[in-house]
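The following exercises are meant to be worked through with the sequence and the model side by side. Each task is followed by a solution in steps.

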Amino acid sequence: MGGLAGAMAASVAVAASIMHLSLIGAAAIGLAGGLATMAGDLWESMLKRRFGVKDSGDLIPGHGGLLDRVDGLMFAVMVFAIARLVVHFGWAH
């Protein structure tokens, strides 16, 4: 819950000033990004369990691999890119 609240607060602080969104719109984008980050982490964990792999690589020793560092980021980037397109092209009206 704290992570989602933090994502919403950060989104409100950044998106409301840079993207000129309403506070509710920015909070919704932050919530979606926070949920996408969690979904990315769960997806990567599911893949590792499915294929019986403990670590996704050894590039970063002791961390479970590079994919563990960016699994949530991959999903969140897609959410924020879609939100940016929606705002830019005015599809949110």
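A residue is called buried when its relative accessible area is under 20%, exposed when that area is over 50%, and partly exposed in between. The model examined here is a predicted one.

**Exercise 1.** Determine how many helices and strands the chain has, and state what share of its residues is buried.

*Solution.* Counting the elements gives 3 helices and 0 strands. Read from the N terminus, their order is α-α-α. The chain comprises 93 residues, and 23% of them count as buried.

**Exercise 2.** Describe helix α3: its span, its kink and the packing of its buried residues.

*Solution.* Helix α3 covers residues 66-89, a run of 24 residues. From first to last C-alpha, α3 reaches 34 Å, close to the 34 Å expected at 1.5 Å a residue. The axis of α3 nevertheless has a kink of about 25°, centred on G72. G72 is also one of the buried residues of α3, and D68, D71, A76 and A83 are buried as well. The buried residues of this helix pack against α2. Just after α3, G90 adopts a positive phi of about 70°.

**Exercise 3.** Locate M38 and classify it as buried, partly exposed or exposed.

*Solution.* M38 lies in helix α2, which spans residues 23-50. Its relative accessibility is 39%, so M38 counts as partly exposed. Together with L31 and L35, M38 makes a nonpolar surface patch of about 240 Å². For the chain as a whole, the accessible surface comes to about 6300 Å², and carbon and sulfur atoms hold 72% of it.

Key: Residues are numbered from 1 along each chain as its sequence is written. This is a predicted model: local features need pLDDT of at least 70, side-chain atom pairs count only at pLDDT 80 or more; totals for chains, interfaces and linings use all residues. Side-chain values use heavy atoms; hydrogens and water are left out. Patches are made of residues with over 30% relative accessible area and no salt bridge: like charges are joined within 9 Å, nonpolar side chains (Val, Leu, Ile, Met, Phe, Trp, Tyr) within 5 Å. Accessible areas come from the Shrake-Rupley method with a 1.4 Å probe; for residues, only the protein chains shown count as cover. A salt bridge is a side-chain nitrogen of Lys or Arg within 4 Å of a carboxyl oxygen of Asp or Glu. Helices (H or I, at least four residues) and strands (E, at least two) are DSSP runs, numbered from the N terminus. Buried means under 20% relative accessible area, exposed over 50%, partly exposed in between (1.4 Å probe, protein chains only). The expected span of a helix is 1.5 Å times one less than its number of residues. The bend at a residue is the angle between axes fitted to the seven residues ending there and the seven starting there. Contact means heavy atoms within 4.5 Å.
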